[in-house]
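Me: I would like to learn how to read a few features of a model. Please give the general idea, then the case at hand.

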Amino acid sequence: MRKTIYIVCALVTLLLAGCGKSGKDNKPAFEEQLAGAWQLSELDGAGPENFDLYMELGSDDKFSVYYRVDQAGYQLYTGDYTASATTLSGTYKSGSAWSNSYVPSLDAAKNILTLVSKATPTRTVVFVRISIPSEVKSGATAGDDRTMPAPTSKRVVGEWHLSEWSGIAPGDFDFDAYIALNEDRSFSIYQKVEQLKYQLYTGTYSVTNTILSGVYTSGSNWGSSYTASLDADNRTLTLVSSTGVTETSVYVRESIPSNVRSGVRAMSVRSEVFKPLL
C-alpha cells in the first residue's frame, strides 16, 4: 500500500512539474511559442495601409517594435511584455502601457499570431512569423511612444472646415466649405458659393502614403490629387494640389453644423456651373 502511494505521489509530482512548462527558464510553453519575430499582415480584416510593423518578442520578456509610416524610415520602440494563454500586454521603455492588452492565439504551425484586443471596440491584429530584415534593424531610429505617429490615412479621418484657399480666407469671396472624410473611405463635401444653401457632393477617397485622391458618386475623379500634411496635434490639414498651377487649401478640424447638414441640396458633378471644391 505504501509503495502504491509513493508511486502515485511521484506521478502527481511529475505531472505538476511538467504541466504547461518547458525550457530551461521553466516558462509556460505558450509564452515560449510566442517568442520570435513577427510582421503585421492584417488589421481588422485588411492589409496594413500606408504603414508597416515588425514585432520581436524576446525570451527575456523584452519586446522591440519597428514601425514605419507613409514610407518614412522605421522607428524603434522597446520595452517589456508579459504573456500567457489569455493575455499579451506590454509597457514601453518610457513607462507607458500599450494602448490595449490582447487575447493571443497561434495557428497549429505556430506561424500565425492573432491578437484580439480586450478593449472595445474590439480590434483584431494578425502577424506572420518572419525574420526581420537586417536593413530594417540597422536603419531604425529610436522612437518615442508618447508621440508615435499614425499614418496619414488615419489622421485625415474626421470633419474639416476650410479656413484658407491659396492664401485667401473663404469669407473674402463669399465661399464656405466643410469636408467629412469618413473612416469607411466615403466623403461628403458641403460647399456654398454665392448661394443660400450648401451643396452636397459625395463619393469615396483613398490615401496612398501622403497622397489624397477621390472619386465622386457620379464616377468623376476629383479635379486633382493632393499632398496631405497635418500639424502635430492633428488639428490642421493642408492640401497641396498636383495641378500645373499649385493650389493650397488649409482646413481646421471642426464638426459640421447640423444646420449645414440639414439644409443641403444634393448635386451632380457633371451638371453644375459651380464645380465642387476638390
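Me: What area does the protein chain expose, and what share do carbon and sulfur atoms supply?

Reply: Accessible areas come from the Shrake-Rupley method with a 1.4 Å probe, and for residues only the protein chains shown count as cover. Here the protein chain exposes about 15,100 Å², with 54% of it from carbon and sulfur atoms. This is a predicted model: local features need pLDDT of at least 70, side-chain atom pairs count only at pLDDT 80 or more, and totals for chains, interfaces and linings use all residues. Residues are numbered from 1 along each chain as its sequence is written, and side-chain values use heavy atoms, leaving out hydrogens and water.

Me: Is N50 buried or exposed?

Reply: Buried means under 20% relative accessible area, exposed over 50%, partly exposed in between. N50 has a relative accessible area of 13%, so N50 is buried. Contact means heavy atoms within 4.5 Å; leaving aside residues up to four places away in sequence, N50 touches eight listed partners, among them R68, P151 and V207.

Me: How are the rings of F63 and W98 arranged?

Reply: Rings of Phe, Tyr and Trp (its six-membered ring) pair if their centres lie within 6.5 Å; planes under 30 degrees apart count as stacked, over 60 as edge-to-face and the rest as tilted. The whole structure has 11 aromatic pairs. For F63 and W98 the centres are 5.3 Å apart and the planes at 75 degrees, so this pair is edge-to-face. F63 is buried at 1% relative accessibility, and W98 is buried at 14%.

Technical notes
Buried < 20%, exposed > 50% of the residue type's maximum accessible area, 1.4 Å probe, protein only.
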